[in-house]
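Me: Please take a close look at how the helices of this chain pack against one another, and set some single residues beside that packing. I would like one connected account with the reasoning spelled out.

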Amino acid sequence: MIEKGKISAFQMGVIMYPTILATAILLVPAITAKHAGRDLWLSPIWASLIGFLVVFVAFRLNKHYPNMSIIEYSEQILGRTLGKLLGFVYLCFYLHMTGIVIREYGDFIVGTFLDRTPITVVMGTMVLVCAFNVRGGVEVLGRTAQMFVPILIVIFVGVVILLIPDLHPQNMLPVMEHGLKPSFMGSVVPQGWFSEFILISFLLPFVTDREKGMKWGMISVLIVMLTILITNIASLFLMGELTATFTYPVMVAARFISIADFFEHLEALVMAIWVVGTFVKISMFYYVIVIGAAQWLKLSNYRPVTLPIGFLLILFSIWLAPSLQDLVHFLSTSSPFYLLTFQTVIPILLLCIAFIQKRLKRGRLKQ
């Protein structure tokens with residue numbers, strides 16, 4: 001195996017928490033509110049069903065091919081030519097998606113805090129730091145997440161508690177005024193984020209207690225869903241139907257905090273959540289591309305390709321969208337179908353083909 005490091009199933013779940021949540025926590029409330037209105041709190045519940053399904057599919061595929069990632073077992077399932085082609089398409093897909101995450105990070109930091117700093121500097125420094133994390137391997141990735149995620153959770157809970165005096169529960173009434181359809185429509189975009197749980201297919205080969213992989217994967221989906229649910233409820237209770245008009249509702253919410261005219265202007269806490277979470281998320285996506293490229297090219301070591309791929313990621317993040325508005329438009333329209341195709345539909349098809357192949361093989365052996 002290219003990667004010699006090992007992580008626990010618990011660490012795998014911890015890694016996936018910020019990997020899904022980092023970008024979703026700031027953007028999802030506004031995007032969901034545009035479709036779901038006052039029922040935006042229901043949307044994460046429906047969206048999480050995709051997360052549970054994807055974890056199940058990834059775990060079943062790993063059962064069939066225990067020491068392989070999706071890049072490797074694609075060749076086993078589809079044959080060398082088609083498998084290689086699909087692996088290359090997946091690498092391009094994750095290059096594109098990681099570029100989007102880096103660009104989201106850069107636009108948020110420059111647009112909100114460092115308006116005079118060139119966005120390439122902001123993005124480049126983050127990619128460089130993530131490159132060192134990725135070169136350390138999966139164990140370093142697991143320990144980094146295990147160290148930062150508790151801090152992220154404490155800050156998040158602190159912000160929500162401080163908002164309680166300004167929350168107005170009547171903003172959610174009437175519940176399901178137009179039935180379930182709006183909340184289902186609002187769940188389409190978050191489904192794309194939940195489909196990113198397919199990334200555990202790259203981690204499962206390195207999990208020591210793999211029999212617990214399904215359990216911690218499901219727990220991670222549940223906690224992500226609860227976090228987005230709380231975020232949406234807090235945004236709705238605070239801003240009502242105006243939630244849809246803001247790009248970053250959580251940032252606006254943090255500006256509402258004012259206790260005794262002293263404890264206020266806590267936007268830095270939101271930035272801390274964003275930076276810490278995005279660092280783990282970019283590192284995870286970056287690691288997937290690096291390890292996937294090494295597996296696709298049949299290299300003995302993935303570390304030499306880390307920095308060249310980092311350079312490609314910066315280029316992708318600059319090229320993919322001329323502005324934040326175009327990026328948000330893509331995320332709220334075509335991205336769910338794009339994400340679900342690669343991270344849900346194709347893995348399900350691979351599992352079905354693998355299952356049929358196993359059944360046919362057993363039938364031949366019996367004959």
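Reply:
**Cysteines, then helix packing**

C130 has a relative accessible area of 0%, which means that this cysteine is buried. The model is a predicted one, and C352 in this model has a relative accessibility of 39%, so that C352 counts as partly exposed, a class that lies between the limits of 20% for buried and 50% for exposed. When cysteine sulfur atoms are paired by a distance limit of 2.5 Å, the number of disulfides found is zero.

Turning to the helices themselves, consider α1, which covers residues 9-36, and α12, which covers residues 267-296. Their axes come within 8 Å and cross at roughly 130°; because that angle falls in neither the perpendicular range of 65 to 115 degrees nor the antiparallel range over 145, α1 is oblique to α12. The crossing of these two helices is left-handed. On the α1 side the contact is made by I15, P18, T19, I20, A22, T23 and L26, and on the α12 side it is made by V270, W274, G277, T278, V280, K281, M284 and F285. Sorted by class, the residues in this contact of α1 with α12 are ten nonpolar, four polar and one charged.

Following the chain past α12 leads to K298, which sits in the loop between α12 and α13. The phi angle of K298 is near 60°, a positive value in a residue that is not glycine, and with a relative accessible area of 55% K298 is exposed.

On the far side of that loop, α13 (residues 306-319) takes part in a crossing with α4 (residues 80-112), in which the two axes come within 8 Å and meet at roughly 65°. Because angles from 65 to 115 degrees are counted as roughly perpendicular, α4 is roughly perpendicular to α13. In contrast to the left-handed crossing of α1 and α12, α4 passes α13 in a right-handed crossing. The residues that make this contact are L95, H96, T98, G99, I102 and R103 from α4, together with I309, L312, L313, F316, S317 and I318 from α13. In terms of class, the contact of α4 with α13 comprises seven nonpolar, four polar and one charged residues.

Another residue of α4 is G83, which has a relative accessibility of 0% and therefore counts as buried. Once neighbours within four places in sequence are set aside, G83 is in contact with S74, E75 and L78. A further glycine, G142, is 59 residues away from G83 in sequence, and the two C-alpha atoms are 29 Å apart in space.

A residue of helix α6 (residues 138-163) that can be examined in the same manner is T144, whose relative accessibility of 11% is under the 20% limit, so T144 counts as buried. Outside its neighbours within four places in sequence, T144 is in contact with N133 and F279. In the loop between α6 and α7 (181-186) lies P174, and the peptide bond joining L173 to P174 is cis, with omega about -5°.

The third pair of helices is formed by α10 (residues 213-239) and α11 (residues 249-256), whose axes come within 10 Å and cross at roughly 60°. Because the perpendicular class begins at 65 degrees and the parallel class ends at 35, α10 and α11 are oblique to each other. Their crossing is left-handed. Here T231, S235, L238 and M239 of α10 meet P249, V250, V252, A253 and F256 of α11; these divide into seven nonpolar and two polar residues, with no charged residue in the contact of α10 with α11.

Also in α10 is I228, which has a relative accessibility of 4% and so counts as buried. Leaving out residues up to four places away in sequence, I228 touches L21, A24, V28, P44 and F194. One of these, A24, is 204 residues from I228 along the chain, yet the C-alpha atoms of I228 and A24 are separated by 7.8 Å.

Definitions and conventions. Residues are numbered from 1 along each chain as its sequence is written. This is a predicted model: local features need pLDDT of at least 70, side-chain atom pairs count only at pLDDT 80 or more; totals for chains, interfaces and linings use all residues. Side-chain values use heavy atoms; hydrogens and water are left out. Axes are lines fitted to C-alpha atoms, for helices over the stretch in contact, and angles run from 0 to 180 degrees between N-to-C directions. Helices (H or I, at least four residues) and strands (E, at least two) are DSSP runs, numbered from the N terminus. A crossing is left-handed if the near helix is turned anticlockwise from the far one by less than a right angle, and right-handed if clockwise. Contact means heavy atoms within 4.5 Å. Ala, Val, Leu, Ile, Met, Phe, Trp, Tyr, Cys and Pro count as nonpolar, Asp, Glu, Lys and Arg as charged, and the others, Gly among them, as polar. Buried means under 20% relative accessible area, exposed over 50%, partly exposed in between (1.4 Å probe, protein chains only).
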